[in-house]
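Student: I should like a close look at the charged side chains that pair with one another in this structure. Please describe the pairs one by one, and then turn to their surroundings.

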Amino acid sequence: VQLQAYGGGLVQAGGSLELSCATSGRTFSTFNGGAMGWFRQAPGKQREFVASITWRIGTKYYADSVAGRFAISRDAAKNTLYLQMNSLKPEDTAVYSCARTPNRYTDVSFYKSEVGYEYWGQGTQVTVSS
């Protein structure tokens with residue numbers, strides 16, 4: 001399984017970007033469930049959860065810091081994950097990585113934690129200038 005995130009860049013505060021994450025190899029059609037998520041890591045900080053979506057039903061989860069500004073979505077036919085980021089702030093500056101898990105969790109906290117994901121892609125840099 002390979003994940004590749006792209007779409008990052010430099011944007012002014014208040015601007016928008018859309019990230020994409022392409023999946024290749026074993027796809028979700030093989031699994032009954034699973035989820036994909038976005039995480040980010042700013043310099044000198046721990047990696048943190050941003051958003052996630054269950055693949056079969058499409059239930060979405062967001063970090064409080066991005067709720068109302070970011071929107072996660074997926075295109076099951078293309079095995080691609082998206083993150084639409086609006087009203088960007090300088091504090092959103094980070095390397096954004098996508099991740100996936102084939103598991104279906106009853107405890108939804110696993111969908112919001114990096115420990116819940118087995119496969120990770122290389123990140124894409126998002127820089128928001130003030």
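Tutor: The model is a predicted one, and a count of its salt bridges comes to four. Side chains of opposite charge can pair when their charged atoms come close. Arg-40, Glu-48, Arg-69 and Asp-92 are linked in a network of such bridges, and this network is a suitable place to begin.

Arg-40 meets Glu-48 in a salt bridge with an N to O distance of 2.6 Å. The two residues differ in exposure: Glu-48 has a relative accessible area of 37% and is therefore partly exposed, whereas Arg-40, at 5%, counts as buried. Arg-40 also meets the side chain of Asp-92, here at 2.9 Å, N to O. This second pair links distant parts of the chain, since Arg-40 belongs to strand E4 and Asp-92 to the loop between E8 and E9, 52 residues apart. Both Asp-92 and Arg-40 are buried.

Asp-92 has a further partner in Arg-69, the closest N and O atoms of the two being 2.8 Å apart. Again distant parts of the chain are linked: Arg-69 lies in the loop between strand E6 (60-62) and E7, Asp-92 in the loop between E8 and E9, and 23 residues separate them in sequence. The relative accessibility of Asp-92 is 1%, so Asp-92 counts as buried; Arg-69, with a relative accessible area of 11%, is buried as well.

Arg-69 leads from the network to the nonpolar core. Among the residues that Met-85 touches are Arg-69, Phe-70, Leu-17, Leu-19, Tyr-96 and Val-126. The largest nonpolar core has 34 residues, and Met-85 is one of those that touch the most other members, together with Trp-38, Val-50, Phe-70, Leu-81, Leu-83 and Tyr-96. Several strands each supply at least two residues of this core, including E4 (35-41), E7 (70-75), E8 (80-85) and E9 (94-101). In soluble globular proteins, nonpolar side chains tend to be buried together.

A covalent link must be added to this picture. The whole structure has one disulfide, which joins Cys-21 to Cys-98 with an S to S distance of 2.1 Å. Cys-21 lies in strand E3 and Cys-98 in strand E9, so the bond ties together parts that are 77 residues apart in sequence. The torsion about the S-S bond is about 65 degrees, and the disulfide is therefore right-handed. Cys-21 is buried, at a relative accessible area of 0%, and Cys-98 likewise counts as buried at 0%.

Another charged side chain has an aromatic partner: the charged end of Arg-47 sits over the ring of Trp-120, 3.8 Å from the ring centre. Trp-120 is partly exposed, with a relative accessible area of 28%, and forms one aromatic cluster with Phe-39, Phe-49 and Tyr-117. The ring centres of Phe-39 and Trp-120 are 5.0 Å apart and the planes stand at 55 degrees, so this pair is tilted. Phe-39 is in strand E4 and Trp-120 in strand E10 (residues 119-120), 81 residues apart. At 1% relative accessibility, Phe-39 counts as buried. Tyr-117 and Trp-120 have ring centres 6.4 Å apart and planes at 70 degrees, and the pair is therefore edge-to-face. Tyr-117 counts as buried, at 5% relative accessibility.

Note on methods:
Residues numbered from 1 in each chain as written. Predicted model: local features only at pLDDT ≥ 70, side-chain atom pairs only at ≥ 80, totals over all residues. Heavy atoms only, no water. Core = buried A, V, L, I, M, F, W, Y, C linked by side-chain atoms within 4.5 Å. Buried < 20%, exposed > 50% of the residue type's maximum accessible area, 1.4 Å probe, protein only. Helix = DSSP H or I, 4+ residues; strand = E, 2+ residues; numbered from the N terminus. Contact = heavy atoms within 4.5 Å. Disulfide = S-S within 2.5 Å. Phe/Tyr/Trp six-rings, centres within 6.5 Å; stacked < 30°, edge-to-face > 60°. Lys NZ or Arg CZ within 6 Å of the ring centre and 35° of its normal. Lists of a residue's contacts leave out its neighbours within four places in sequence.
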